[in-house]
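Open the structure in your viewer and keep a selection box ready. The stops below each give something to select and a note on what is there.

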Amino acid sequence: MAGYKLNMREELERRYTELRRQSIQMANEALDLPDTRLALVDSASYAAFQYWENHPSRKVNWDWPSSWISWKLKFPKRFESATWSGNRLVGFAMGRPTYHATGLRLDYIEKSPEAGEPHLDLTYLALYAYATLLGATHVKIMHPINSDVRDYYEHKGFQYDPKSDSCIRRII
């Protein structure tokens, strides 16, 4: 039975990795910023993250490399994205489908303190593409860290839901 579960897990990972790749490709085709691209998270992302990991202006203190390991194991259907400008990492994002699979959550998003690029807008291209490929009807940004961030999301077309402490945007 354990072998069957492992094979099923590997198949899920393979299938959803392909959908993640497609969503990143779709997002990159829509980009209009020179030398900017989205990619799946990999070892190069972690190496570049070390440059701003201990930056004094960093707003959150997420340990992306160690969090990512458990996230990948728990959520084969996860969303993941690393934003790059040339060889400089702009930011990370990760999420997962909602429990009823009607939406896609963005659980974590962080921009380098030195980045000037619109990380949310760039991430949203891939998030929207992945949500569409999954057949989701909305995206949710979970737990904005403060009211300024929440207001920023609302300015970008999301509606704040105090019940779930998330900002929601319909895509269909």
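**Salt bridges**

Begin with Glu 11 and Arg 14, which form a salt bridge whose closest N and O atoms are 2.6 Å apart. This is a predicted model, and every value on the tour is computed from it. Show helix 1, residues 2–30, as a cartoon: Glu 11 and Arg 14 both belong to it, three residues apart, or about one turn of the helix. Glu 11 counts as partly exposed because its relative accessibility is 32%. Arg 14, with a relative accessible area of 51%, is exposed.

Side chains of opposite charge can pair when their charged atoms come close. The structure holds 12 salt bridges, and a few more of them are worth a stop.

Select Glu 110 and Arg 58 next. Their side chains meet in a salt bridge of 2.4 Å, N to O. This pair links distant parts of the chain, 52 residues apart: Glu 110 is in strand 4 (residues 103–111), while Arg 58 is in the loop between helix 2 (43–49) and helix 3 (64–74). Are these two side chains on the buried or the exposed side of the cut-off? Glu 110 counts as buried because its relative accessibility is 4%, and Arg 58 is buried too, at 12%.

Now select Arg 88 and Glu 117, whose side chains also meet in a salt bridge, at 2.5 Å from N to O. Arg 88 lies in strand 3 (residues 88–97) and Glu 117 in the loop between strand 4 and helix 4 (119–134), so this pair ties together parts that are 29 residues apart in sequence. Arg 88 is partly exposed at 32% relative accessibility, whereas Glu 117, at 14%, is buried.

For the last stop in this section, select Arg 9, Glu 13, Arg 20, Arg 78 and Glu 80 together; salt bridges link them in a network.

**Strand 5 and its partners**

Select residues 138–142, which make up strand 5. Five of its five residues are buried, so strand 5 is largely enclosed by the rest of the structure. Turn on the side chains: His 138, Lys 140 and Met 142 point one way from the strand, and Val 139 and Ile 141 point the other way.

Add strand 4 to the view. Strand 4 and strand 5 pair in the parallel sense over four bridges, and Leu 106 stands opposite Ile 141 of strand 5. Trace the chain from strand 4 through helix 4 to strand 5, and you follow a right-handed β-α-β crossover.

Then add strand 7 (166–170). Strand 7 runs antiparallel to strand 5, and five bridges join the two. To find one of the paired positions, select His 138 and its bridge partner in strand 7, Arg 170.

**Two serines**

Select Ser 164 and Ser 166. A polar contact of 2.5 Å joins their side chains. Ser 164 sits in the loop between strand 6 (159–161) and strand 7, and Ser 166 lies in strand 7. What is the relative accessibility of each? Ser 164 is at 19%, which is under the 20% cut-off, so this residue counts as buried. Ser 166 is at 0% and is buried as well.

Show the contacts of each serine, leaving aside neighbours within four places in sequence. Ser 164 is in contact with Lys 140, Met 142 and His 143. The contacts of Ser 166 include Ile 141, Pro 144, Gln 159, Tyr 160 and Asp 161.

**Backbone stops**

Select His 143, in the loop between strand 5 and helix 5. Although His 143 is not a glycine, its phi is positive, at about 50 degrees. This histidine is partly exposed, with a relative accessible area of 46%.

Go on to Ala 101, in the loop between strand 3 and strand 4. Its phi is near 60 degrees, a positive value in a residue other than glycine. Ala 101 counts as partly exposed, with 47% relative accessibility.

Finish at helix 5, residues 147–155. Asn 146 caps its N-terminal end, with a side-chain oxygen 3.1 Å from the backbone nitrogen of Asp 148. Just after the helix, select Gly 157, which takes a positive phi of about 105 degrees.

Technical notes: Residues are numbered from 1 along each chain as its sequence is written. This is a predicted model: local features need pLDDT of at least 70, side-chain atom pairs count only at pLDDT 80 or more; totals for chains, interfaces and linings use all residues. Side-chain values use heavy atoms; hydrogens and water are left out. A polar contact is a pair of N or O atoms within 3.5 Å; within protein, one must be able to donate a hydrogen and the other to accept it, and residues adjacent in sequence count only if both atoms are side-chain atoms. Buried means under 20% relative accessible area, exposed over 50%, partly exposed in between (1.4 Å probe, protein chains only). Contact means heavy atoms within 4.5 Å. A salt bridge is a side-chain nitrogen of Lys or Arg within 4 Å of a carboxyl oxygen of Asp or Glu. Two strands pair if DSSP finds at least two bridges between them. A crossover is right-handed if, with the strands pointing away from the viewer, the path from the first strand over the helix to the second runs clockwise.
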